[in-house]
Each structure stands twice: as structure tokens, then as C-alpha cells.
Amino acid sequence: MAIETVHIVQAYVQGRGKGLKAEQQMGCKTAEEARRKAERLAPLRLGVVAFSASADTEMGDYDENPTILFKSGQLPPPWNED
């Protein structure tokens with residue numbers, strides 16, 4: 001098992017009705033890059049979150065408690081919890 005830290009940006013657009021639709025996640029090389037991308041996307045999307053998590057990418061196992069780097073706008077659970 002090769003555990004590594006991944007940095008992800010997840011953006012949301014309008015889905016059916018009042019729902020949110022997740023766009024494809026964007027992987028970043030650093031936490032700073034993820035935060036900057038999320039900040040640039042924030043005015044263009046209904047919601048965006050950047051986070052870092054430990055993961056075994058080969059197995060598809062991700063940490064259940066990611067570190068939030070940036071969040072903005074309308075987000076689905078668990079991102080909308082403070």
C-alpha cells in the first residue's frame with residue numbers, strides 16, 4: 001500500500017431542480033495550487049471546495065477526514081457542514 005497525500009479541487013454546477021451536480025475532480029500537485037484553482041473557479045461555479053487527503057490511489061481508499069483548503073458557495077454534505 002502506497003499512501004500519499006492528494007490535493008483535489010471539486011466544483012459544483014446546477015443539477016436537476018435545486019440539486020448540485022459535481023464536475024470532474026481536478027488533481028493538483030500541491031495544496032497551494034489546489035487552493036489557487038479553487039479561488040479562481042469560485043466566481044464561475046455555484047460551489048467549489050479544495051481539499052487534501054491521505055489516499056491509497058491504487059486501491060481507491062481515501063481518508064475520511066480530509067483537510068479543507070478552501071470552500072465557497074453552495075456545497076453538498078459533508079462540505080457544507082461547519
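Strand 4 and strand 5 run antiparallel and are joined by 2 bridges. This is a predicted model. Asp-56 has Asp-61 of strand 5 as its bridge partner. The two strands form a hairpin, with 4 residues between them. Gly-60 sits in that turn and has a positive phi of about 80°.

Stay with strand 5 for a moment. It covers residues 61–62 and holds Tyr-62. Is Tyr-62 buried or exposed? Neither label fits: Tyr-62 is partly exposed, with a relative accessible area of 47%. Burial would call for a value under 20%, and exposure for one over 50%. Setting aside neighbours within four places in sequence, Tyr-62 contacts Val-6, Ser-54, Ala-55 and Thr-57. Val-6 lies 56 residues away from Tyr-62 along the chain, yet their C-alpha atoms are separated by 9.1 Å.

Now move along strand 4, which spans residues 47–56. Of its 10 residues, 9 are buried, so strand 4 is largely enclosed by the rest of the structure. Which strands pair with it besides strand 5? Strand 1 is one partner: the two run antiparallel, joined by 9 bridges. Ile-8 pairs with Phe-51 of strand 4. Tyr-12 has Gly-47 of strand 4 as its bridge partner. Strand 6 also pairs with strand 4, again in the antiparallel sense, over 6 bridges. There, Gly-47 stands opposite Gly-73 of strand 6. Gly-47 therefore has a bridge partner in strand 1 and another in strand 6.

Strand 1, residues 4–14, has further partners. Strand 3 pairs with strand 1 in the antiparallel sense over 3 bridges. Val-9 stands opposite Met-26 of strand 3. Strand 2, residues 20–22, is also antiparallel to strand 1, with 3 bridges joining them. Gln-14 has Leu-20 of strand 2 as its bridge partner. Strand 1 and strand 2 form a hairpin with 5 residues between them. In this turn, Gly-17 has a positive phi of about 60°.

Next comes helix 1, residues 31–41. Its buried residues include Ala-34, Ala-38 and Leu-41. Where do they lie around the helix? Seen down the axis, the buried residues fall within an arc of 65°, so they line one face of helix 1. The spacing fits a general rule. An α-helix has 3.6 residues a turn, so residues three or four places apart point the same way. What does the buried face of helix 1 pack against? The buried residues pack against strand 1, strand 3 (26–28), strand 4 and strand 6 (67–73).

That packing leads to the cores. The largest nonpolar core has 10 residues: Val-9, Ala-11, Cys-28, Ala-34, Ala-38, Leu-41, Ala-42, Val-48, Ala-50 and Phe-70. Strand 1, helix 1 and strand 4 are the elements that each give two or more residues to this core. Helix 1 supplies the largest share, 3 residues.

Phe-70 belongs to this core as well. Leaving out residues up to four places away in sequence, Phe-70 touches Arg-35, Ala-38, Glu-39, Ala-42, Val-48, Val-49 and Ala-50. Among these contacts, Ala-38, Ala-42, Val-48 and Ala-50 are also members of the core.

A second, separate core has 9 residues. Among them are Ile-8, Phe-51, Ala-53 and Ala-55. Ile-8 and Phe-51 are the bridge partners met earlier. Ala-55 is also one of the contacts of Tyr-62.

Note on methods. Residues numbered from 1 in each chain as written. Predicted model: local features only at pLDDT ≥ 70, side-chain atom pairs only at ≥ 80, totals over all residues. Heavy atoms only, no water. Core = buried A, V, L, I, M, F, W, Y, C linked by side-chain atoms within 4.5 Å. Buried < 20%, exposed > 50% of the residue type's maximum accessible area, 1.4 Å probe, protein only. Contact = heavy atoms within 4.5 Å. Arc of directions from axis to C-beta.
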